[in-house]
Structure formats: C-alpha cells, structure tokens
Amino acid sequence: MPTFGKLTDGASSSTNTGDQIHVSKFTLGEAGNVTKLTVRCWVPTNARNAKGIIYDDDGAAGDPGTFKAVTSEVAVSNTTEAEVDFTFASPVSLAAGDWWLGIFFDAAASPNDFAISRDNTASQRKGKQAL
C-alpha cells in the first residue's frame with residue numbers, strides 16, 4: 001500500500017497539553033485515498049482520547065487552511081513511545097500537493113498530558129483549532 005509522510009521516528013519529542021492540534025506538512029506526489037494516519041505518540045500517565053486530522057495547505061502565511069478530515073477517536077494509553085493508528089470511517093480522497101497531517105488530543109486538566117515524536121522543522125504547527 002502506498003504511503004506518504006514521515007516514515008521514520010522523529011529526532012526529538014515534545015510534551016504538550018491537550019485541546020490542541022499538532023500538524024506537519026507533507027507532499028503527496030500523486031492523487032490518492034488516505035485510510036489511516038499513524039502517529040508515534042504516548043501519554044505520561046492517564047489515557048487520553050485523540051483523533052487524526054488532515055488540513056489543506058491553503059491557509060494564510062503558509063499555515064494549515066481548510067479542514068479536510070478527522071478520524072474516529074482513539075484512546076491512547078501507552079506510556080512509552082509507540083505507533084498508534086487513527087483510522088478514517090471512509091477513505092479520504094486527496095489531490096497531489098501539500099497537506100497538513102496531524103493529531104488532536106482532547107482537553108485534559110493538567111499540563112504535559114501527551115507527547116509526540118517529531119523533528120524540529122519549520123513545517124510543523126501547533127495550536128488551538130476547532131475541529
């Protein structure tokens with residue numbers, strides 16, 4: 001099955017609070033259908049609910065733009081780094097080009113509630129965004 005995005009472990013990680021999106025920009029070389037996103041993530045203690053997300057690259061100033069799709073919710077409970085699959089209810093059709101792929105963790109009460117594996121690149125964004 002063809003894939004796109006980062007296929008290796010990130011050079012670093014970040015620990016974050018919930019109720020935020022964390023996305024990275026990737027280029028899709030040809031049109032295709034996305035059935036799932038796989039994210040290397042973990043939670044320090046309690047399980048957290050998360051969703052995979054896709055945004056178009058049509059935002060202002062190089063930021064994510066139009067919301068494209070969200071996966072079903074997954075309870076992330078692993079306390080060490082692991083690949084977690086986020087599956088779409090039906091395949092998401094994407095045209096060739098740049099897309100922002102990422103994850104959204106639910107609003108959690110305390111800081112540092114989840115962690116993601118990532119690289120330190122300019123093509124990453126995080127922040128509050130309604131789904």
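**Exercise 1.** Work out whether Thr-71 is buried or exposed in this predicted model, and what surrounds it.

*Solution.* Start with the accessible area: Thr-71 has a relative value of 5%. Buried means under 20%, so Thr-71 is buried. Next, place it in the fold: Thr-71 sits in the loop between E5 and strand E6 (74–76). Now list its contacts, skipping neighbours within four places in sequence: Lys-51, Gly-52, Phe-86, Thr-87 and Phe-88. Finally, look at Gly-52 again: its backbone nitrogen is 2.7 Å from a polar atom of the Thr-71 side chain.

**Exercise 2.** Do the same for Val-76: find its element, its burial and its partners far along the chain.

*Solution.* Val-76 belongs to strand E6. Its relative accessibility is 1%, and the cut-off for buried is under 20%, so Val-76 counts as buried. Leaving out residues up to four places away in sequence, Val-76 touches Cys-41, Trp-42, Val-43, Ala-47, Arg-48, Ala-50, Val-84, Phe-86 and Phe-105. Take Ala-50 from that list: it is 26 residues from Val-76 along the chain, yet their C-alpha atoms are separated by 6.9 Å.

**Exercise 3.** Check the backbone and the accessibility of Ala-61.

*Solution.* First, locate Ala-61: it's in the loop between strand E4 (48–56) and strand E5 (67–70). Then read off phi, which is near 55°, a positive value in a residue other than glycine. Last, accessibility: Ala-61 comes in at 77%, and exposed means over 50%, so Ala-61 counts as exposed.

**Exercise 4.** Which strands have the lowest and highest confidence?

*Solution.* The protein's mean pLDDT is 79, with 68% of residues reaching 70 or more. Confidence is lowest in strand E10 (residues 124–127), with a mean of 55, and highest in E5, at 96.

Terms used:
Residues numbered from 1 in each chain as written. Predicted model: local features only at pLDDT ≥ 70, side-chain atom pairs only at ≥ 80, totals over all residues. Heavy atoms only, no water. Helix = DSSP H or I, 4+ residues; strand = E, 2+ residues; numbered from the N terminus. Buried < 20%, exposed > 50% of the residue type's maximum accessible area, 1.4 Å probe, protein only. pLDDT = per-residue confidence, 0-100. Polar contact = N/O pair within 3.5 Å; in protein donor to acceptor, adjacent residues only side chain to side chain. Contact = heavy atoms within 4.5 Å.
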